[in-house]
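Please work through the following exercises with the sequence and the structure side by side, and try each task before you read its solution.

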Amino acid sequence: MKSRRLRTRLQALILLAAVPSALSIVYFGIDSYQVEVDRNSAETRRITSQLVATQHGLIADTESFLRKLSLSEAVQDPTDQKCDAFLPQVLQLSHIYQNLGAPRWDGELLCNALPLREPVNVSDRPYFRRAMDKEVFSVGTFQTDRATGLTSVNFAHPIIPEGQKDPIGAVVAVLGLDWWSTHLMRETLPEGAVATITDRESRIVAVHPPDPTALGQSLVGHGRLAGGTVVSDGAVVEGEDGVRRVVSRRILFEDGEGQPIQVSLGLPVEEALKQARMTVFWRLLALCSLVAIFSGLALRMLEKQVLQPLGALNRAIQGFEKGKVDEQLFDQQGARISDFENISNSFRRMSHARLTAETLEAERRRQLQALLQALPDTYFRLSNDGTILEYKASNEQELLMPPEMFLGRRVADILPVDALSLYEANVKRFRETNEAVTWEYQLEINAVQIDFEARLQAIPGSNEMVLVVRNISEVKRAREKILLQARTDFLTRLPNRASLTAETEAASFAARELGQALVLMFVDLDGLKKVNDRMGHATGDGLLKLVAQRLRSCLSDTDFVARHAGDEFVILLCGETALERADKVSQRVLSTMQRPFEIGGEKISIAASIGIAHSPTDASTPQALLSAADQAMYLAKGEGGGRIRYYTPEIGNRNAHRLRMLDDLHRALEFDEFDLHYQPIINLQTGQVVLAEALLRWNHPEFGLLTPDRFLPFAEEAGLMVELGDTGLRRACRDLTDFRDRFGTGFQICVNHSPTELSAREHGHGLDWARYIKENTPHDASILIEITEAALLDPTPFTLASLKAFRESGIEVALDDFGAGYSSLIYFLNNEFDYLKIDREFAQNAPESVRATGLCETILGLSQRLGSKAIAEGIEREAQLRFFQQRGCTLGQGFLFSKALSKDDFMALPQKIELVTA
């Protein structure tokens, strides 16, 4: 009774000590819950601010564009016919706006880029009224544009001619809702995030993820973001889709009257809150477990160290009084208190040892029985002739028959034929070697095939044997699964490269033995990188899965397809008709890859480049066959992709040349084999040599002087564009002093900066051009940086920052090949260019071509309005020279004046070149 009260008090003490810890866990769990909410709220505000910065830049670009357009002479009088002719030209150069217009002060739209089907008056439009009344840039709301009939958001800027105070009208840009949505989709948002842009009336003009039904609806009705209610910034709300999000709102644009355009963003927080709750739960569970463990240990120690010794001592004394001694009482009490131990030892010395052998034998048998029960095996004790004497089964369902049917029978009389032959063979081996033997066999039990592993071992000191049998069905399945995984691509479930290697070697051997051809197709996807960059790697992985399915559908059961690496796949065609089927199968693969893929409701278009080689004609080994098909694929890809190319010896020679050029480029940089040639740029009115375009040349030790078109493609492949660009810049800065001494202090050198270089420098490679020019030239404007339109098609933030750094350092920038690419006015909204280089194709077709003449005049007019100097490239005839002289083109270059020259030959040029009279 007393021992029970002692246990209860000890348990109460332990529980009381655990209460503060439990309260602390709950408190810190609540605190971590709030911390997670605050962290997600801060992250939401941060991303929202980034969205605002991006979208604000887009609105600011439109404001800058309309402001510049309002200052154009052609729109100073909207009633003038020059306005009607000017706006269509501007609209054609822009891919952003659906329409441009210049309504008069009374709202009458007399000047419009698109033809009007009926008179239009916008005097009642709030954005127009605000632009006229407040004389500021104004943004409209969700509406149907009257001139185009499109659902749009319009922008307006007042037209105030120089010398006048009041506006005479306004310039208006019409932007469709898809403009907002497209730019919103370019933002990288976390999975599950919801973002909207709303107009001044809180109507949605853009939403992410895309939802056409939400456009024009009130933000309050957007279930996933607000759940039908207006919420405060930083609040956690549960949308109609059941997802809880932290909501943040920021003003994108405000017209000064409290009517803002807003960006709203909701980030899912369910996982973070769930994690906080689970942390509290597991901590409490751990505390409870520790309390239970400590309580059990304490009670056990009390029982073992105090209560048991006292009880044992009491019973021993009583037995001693009767003349009996129980030796086990002292073994079981486990006392560690000295008084108890001394008394126990005294009683032990007084007692007699008895039944020692029986006790030890009983203990040994118990241990053996426990061991056999713990093992997941079936145990048989056999006589020398194989008779079953004893058994132990962990699972009697794995026995071939009930135990009462095989005890006392020989194993040879029970096993089926196949298993019996294995048993007898291994028993024979066991008797010959007198060592343990192991083998595997299979039995059908209850209509299920089960795999077993058997081990036969002699029992020492007797002529009996022990047979241990283990079910290895799961182990074999796991082994087969591991082998399958090792040879299967995890993503597409196609065979992987290891499996491809084995299959190619086996197929090559079989084809060689049968005297048949083996066809190998190397398939490379065109455009997967763009999908990954634009839509994310998850979408790219989904696309690869669909590609694998389509490739399987193009092949027969005897064909083989594997994923080689990344976006590369390999197809093997075997058999007598392999060569005949190659063309049909490759065309089928090509066409099925050109069909759009649909992922997540969006259609994705890619293509494939296919290289084909066959043995033994193209290669004699599997590795050579794969290499030959790879080279043919490389040629197909280099020709633009989406095509099929068969391997030829010429392809092999070309690839050998490519590999040599790649090696030679590294050596050329090491031994300084590159030099600059310079083509003069002339003032077309005076003939003065004022600039020189630096053009890289390679003094190849075997092939002689090579122009860039002979080696730049290899340099791009080798990743050496940065090194070549830096080499050219260093050489140009070094030669500048001599050129200025010869042609005057205002002489400039134009150095090309390719898009590939810009992309590579983003990762910290190569020189900082702005700093290098500043430190190595007498004046920052001495070196002119020339970039192509390709660098601005989809500019990265680093590209824009580089151009800004050039401008801030006083370095002038030229836009090369203007008009030959995707020319867009957005270039001039985001960047300023000191020079526009008219592409040589325009110059060479003028003045004979009316279209070329019109385009050249448009570009010249645009450069004049933007304050840029125009450089006409490719002037080779006097008629071309006179054409550009008569139209006020300032600068020109071409073979009519000079080809590109070495430095020494350029220094020999006269300071002025005699020109024909304009």
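**Exercise 1.** In this predicted model, find how strand β1 and strand β2 pair, and over how many bridges.

*Solution.* Begin with the direction: β1 and β2 (residues 111-112) run in the antiparallel sense, and their pairing extends over 2 bridges. Then look for facing residues, where you will find that A102 stands opposite C111 in β2. Next, turn to strand β6 (residues 169-176), with which β1 also pairs in the antiparallel sense, here over 3 bridges; in that pairing G101 has V172 of β6 opposite.

**Exercise 2.** Decide whether the faces of strand β1 are covered or not.

*Solution.* Start from the general rule that side chains in a regular strand alternate between the two faces of the sheet. Applied to β1 (residues 99-102), one side carries N99 and G101, while the other carries L100 and A102. Since "buried" requires under 20% relative accessible area, check each residue against that cut-off: all four are buried, and both faces of β1 are therefore covered.

**Exercise 3.** Determine which residues of helix α21 are buried, and where around the axis they lie.

*Solution.* First list the buried residues of α21 (residues 769-776), which are W769, A770, Y772 and I773. These residues cover an arc of only 165° around the axis, and so they lie on the same side of α21. Finally, examine the other side of the helix, where R771, K774 and E775 are exposed.

Definitions and conventions
Residues numbered from 1 in each chain as written. Predicted model: local features only at pLDDT ≥ 70, side-chain atom pairs only at ≥ 80, totals over all residues. Heavy atoms only, no water. Buried < 20%, exposed > 50% of the residue type's maximum accessible area, 1.4 Å probe, protein only. Arc of directions from axis to C-beta. Pairing = 2+ DSSP bridges.
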